[in-house]
Amino acid sequence: MRAQFVLSEIGVGLRRNLTMTFAVIVSVALSLALFGGSLLMSDQVNNMKGYWYDKVNVSIFLCNKSDAESDPNCAKGAVTTEQKKQIETDLDKMSVVDNVLHETSDQAYKHYKEQFGDSPLASSLTPDQMQESFRIKLKDPEKYQVIATAFDGRDGVQSVQDQKGILDNLFELLNGMNWAARAVMAMMLVVALMLIVNTVRVSAFSRRRETGIMRLVGASGFYIQAPFIMEAAVAGLIGGTVACGFLVIARYFIIDHGLALSEKLTLINFVGWDAVLKYLPLILATSLLMPALAAFFALRKYLKV
């Protein structure tokens with residue numbers, strides 16, 4: 001009988017404040033969708049870091065005849081055969097080096113034509129204008145400075161470049177976007193909590209006569225509060241379910257179908273369904289507990305029970 005009464009009061013409360021209940025559902029759904037999206041974005045960035053940092057190279061570009069005429073680092077002329085052999089020998093001795101690939105100027109020209117053959121500049125380049133280089137795979141990508149210190153400024157070396165620096169800029173941008181999403185999520189959560197508190201108080205005020213009678217007949221504080229707390233929890237749970245739906249639909253249409261980014265951007269290892277499913281229970285639990293706790297603390301002062 002008591003359970004039936006509580007459930008009937010929940011239905012009455014949700015119908016009486018339909019507009020505010022709808023606002024709670026929408027705000028909770030949007031804020032928790034952003035919350036889940038930010039968690040998935042963090043996983044995506046970490047996946048990309050693990051994938052790309054494992055593939056980054058340190059490149060030692062060698063001086064050619066064109067550089068000897070225009071680049072101060074190559075003032076002593078183009079790299080010699082002896083200098084190339086010495087560089088390769090020194091690289092083989094370094095414990096931080098995993099493997100070394102020597103790219104000749106002809107190979108560099110071929111790769112350039114494959115990637116940028118349609119550009120106007122490609123037709124004016126010749127193989128002797130391309131730089132020879134050593135592509136170095138490090139055991140630890142963080143050890144770039146060891147290579148830079150050993151070879152930067154050496155005779156025959158035009159420059160030492162670390163691809164990790166380029167990736168760091170990309171990941172900083174992605175992390176910045178992720179934090180911006182979290183800031184918006186935090187604001188939406190505040191709005192949702194305020195709506196929940198106001199909805200509960202309006203509902204309690206509209207039923208102040210019933211709650212007063214219940215106090216007089218000796219009903220416990222929790223028994224009086226339960227319908228209001230459950231109303232907020234049910235509205236929040238509906239919002240959480242909608243948020244889960246948003247995430248599932250977004251993953252399906254953006255990555256797998258529709259935009260099909262997984263097919264168009266094959267170099268990116270997108271997060272899988274396991275990552276999405278991992279966060280759905282957390283979103284649902286948050287959508288249930290957050291409104292219930294907000295209602296509980298709001299009612300303690302308002303109903304004075």
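**Notebook: rings, charges and cores**

I looked first at charges over rings and noted that Arg 182 has its charged end over the ring of Trp 179, 4.7 Å from the ring's centre. I record here that the model is predicted. I then found Arg 251 over the face of Trp 273, with 5.1 Å to the ring centre.

Next I turned to the aromatic pairs, of which I counted two. Tyr 252 and Phe 253 make an edge-to-face pair, with 5.0 Å centre to centre and 85° between the planes. I looked up the accessibility of both residues. Tyr 252 has 36% relative accessibility and therefore counts as partly exposed; Phe 253, at 44%, also counts as partly exposed.

I then examined Phe 296 and Phe 297. Their ring centres are 5.3 Å apart and their planes stand at 75°, so I entered this pair as edge-to-face. Phe 296 is partly exposed at 29% relative accessibility, whereas Phe 297 is exposed at 52%.

Last, I looked up the nonpolar cores. The largest holds 31 residues, and Val 28, Leu 32, Leu 40, Ile 196, Val 200 and Ile 283 have the most contacts inside it. I noted that α2 (18-53), α7 (163-206), α9 (221-256) and α11 (273-302) each give two or more residues to this core. Its largest share, 10 residues, comes from α11.

I followed Val 28 further. Leaving aside residues up to four places away in sequence, I listed its contacts as Ala 192, Ile 196, Gly 236, Gly 239, Gly 240, Ser 287 and Met 290. Apart from the largest core I found another, of 18 residues, including Val 79, Ile 87, Leu 91 and Val 160.

Technical notes
Residues are numbered from 1 along each chain as its sequence is written. This is a predicted model: local features need pLDDT of at least 70, side-chain atom pairs count only at pLDDT 80 or more; totals for chains, interfaces and linings use all residues. Side-chain values use heavy atoms; hydrogens and water are left out. A nonpolar core is a set of buried Ala, Val, Leu, Ile, Met, Phe, Trp, Tyr and Cys residues joined through side-chain atoms within 4.5 Å. Buried means under 20% relative accessible area, exposed over 50%, partly exposed in between (1.4 Å probe, protein chains only). Helices (H or I, at least four residues) and strands (E, at least two) are DSSP runs, numbered from the N terminus. Contact means heavy atoms within 4.5 Å. Rings of Phe, Tyr and Trp (its six-membered ring) pair if their centres lie within 6.5 Å; planes under 30 degrees apart count as stacked, over 60 as edge-to-face and the rest as tilted. A charge sits over a ring if NZ of Lys or CZ of Arg is within 6 Å of the ring centre and within 35 degrees of the ring normal.
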